[in-house]
Amino acid sequence: MGMLVPIAPSAWLLSLVEQQLGSLWGRLAALLFWLKAAFWWPGADRVQRQVRGDTEETQKEAGEKSVLHTTPISINYHFTRQCNYKCGFCFHTAKTSFVLPLEEAKRGLLLLKEAGMEKINFSGGEPFLQDRGEYLGKLVRFCKEELGLPSVSIVSNGSLIRERWFRDYGEYLDILAISCDSFDEHINVLIGRGQGKKNHVENLQKLRAWCRDYRVAFKINSVINRFNVEEDMNEQIKVLNPVRWKVFQCLLIEGENCGEDALREAERFVISDKEFEAFLERHKGVSCMVPESNQKMKDSYLILDEYMRFLNCRDGRKDPSRSILDVGVEEAIKFSGFDEKMFLMRGGKYVWSKANLKLDW
Ligand code: SF4
């Protein structure tokens with residue numbers, strides 16, 4: 001019994017402490033529950049993300065980037081709309097006389113290279129018109145020498161090219177494409193490719209020889225239209241022996257060669273799909289021929305205009321994006337209407353560097 005006396009008050013004390021602790025735990029549990037609820041309410045996770053510097057906007061942008069990323073592998077830069085010819089079906093007409101200052105154009109080309117560009121094609125208008133070909137030559141050299149692009153090419157009507165240009169810039173150029181729609185000078189005049197006393201066909205032969213001498217791959221582009229659709233070009237093309245003969249079906253573009261504010265009325269040049277196929281059938285023996293129907297051309301080109309804006313041709317007209325110089329390539333390209341699958345389907349990626357071409361004509 002002697003031992004029981006001190007134990008009794010101890011048990012009472014212990015029970016009191018337990019009661020107090022129980023109550024404290026209850027309060028702590030309530031506090032924890034409240035804290036958890038506070039950080040789990042609908043806005044609480046946003047607060048947590050903001051603390052990490054990770055806003056809803058940046059998450060949304062990241063999502064868009066992963067979905068909309070398009071690599072501008074092959075670009076067509078129409079840096080001028082001015083031309084010395086007046087082809088009736090022209091689909092890039094002289095609506096402005098604007099040309100970017102050379103350094104700005106180089107800045108844009110650098111942005112494109114950083115975004116994945118491998119091939120640049122300079123076009124117009126007539127690209128040799130600006131500063132007697134010097135502007136073009138400097139861009140060609142910049143793209144090959146400083147940007148190290150695998151392929152640098154030009155599309156030109158050929159009328160303003162001098163041998164001196166080849167001497168100065170030929171080594172930086174992979175491919176020169178010359179537009180030629182007919183080997184009959186009378187038809188060239190009807191189309192609008194005539195220039196006084198100069199003979200377009202004789203000029204073509206001279207350019208072909210310079211391409212051989214200065215080791216530039218030679219290409220021919222032809223637009224098949226009402227005036228040349230019956231022509232047989234087999235012999236002349238075989239003699240000229242280009243690395244590629246691009247054969248386009250005449251295309252209507254609202255605001256350029258048809259419609260209210262257009263500078264041309266190309267409706268009278270248009271041919272049917274059947275007529276185009278008959279032309280291709282007549283030339284099926286030409287192995288370098290690369291046909292492009294209206295369907296194939298649709299959405300399969302990345303086109304930059306004189307302000308370095310992508311032109312979206314999806315609705316049959318050219319709707320411009322904002323300039324890559326203002327918003328960057330990734331933002332501007334979202335409005336280009338470009339379809340990478342169509343690009344690959346039309347054979348857009350081919351051997352385009354002269355280093356990989358056999359140039360032994
Ligand atoms: S040469 Fe080309 S740019 Fe010039 S008018 Fe003819 S199609 Fe248009």
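Student: What makes up the surface that the chain exposes?

Tutor: In this predicted model, the chain exposes about 19300 Å², and carbon and sulfur atoms supply 55% of that area.

Student: How many of the residues count as buried, and what makes a residue buried?

Tutor: A residue is called buried when its relative accessible area is under 20%, and 46% of the 361 residues of the chain count as such.

Student: Why is one set of residues called a nonpolar core, and which of its members touch the most others?

Tutor: The name requires buried residues of the nonpolar kinds that are joined through side-chain atoms within 4.5 Å, and the largest such set has 71 residues, of which Tyr 77, Leu 109, Ile 120, Phe 122, Leu 176 and Trp 245 touch the most other members. Helix α5, residues 134-146, gives the largest share of this core with 6 residues, while a second, separate core of 9 residues includes Ile 191, Val 223, Ala 266 and Phe 269.

Student: How do you know what Leu 176 is in contact with?

Tutor: Contact means heavy atoms within 4.5 Å, and once neighbours within four places in sequence are left aside, the partners of Leu 176 include Phe 128, Ile 154, Cys 211 and Lys 219.

Student: Which residues surround the ligand, and why are 4 of the shell called nonpolar?

Tutor: Around the ligand are Cys 83, Tyr 85, Cys 87, Cys 90, Gly 125, Asn 157, Arg 193 and Arg 264. Cys and Tyr count as nonpolar, Arg counts as charged, and Gly is placed among the polar residues, so the shell has 4 nonpolar, 2 polar and 2 charged residues.

Key:
Residues numbered from 1 in each chain as written. Predicted model: local features only at pLDDT ≥ 70, side-chain atom pairs only at ≥ 80, totals over all residues. Heavy atoms only, no water. Near = heavy atom within 4 Å. Buried < 20%, exposed > 50% of the residue type's maximum accessible area, 1.4 Å probe, protein only. Areas by Shrake-Rupley, 256 points an atom, 1.4 Å probe, with all protein chains shown as cover. Helix = DSSP H or I, 4+ residues; strand = E, 2+ residues; numbered from the N terminus.
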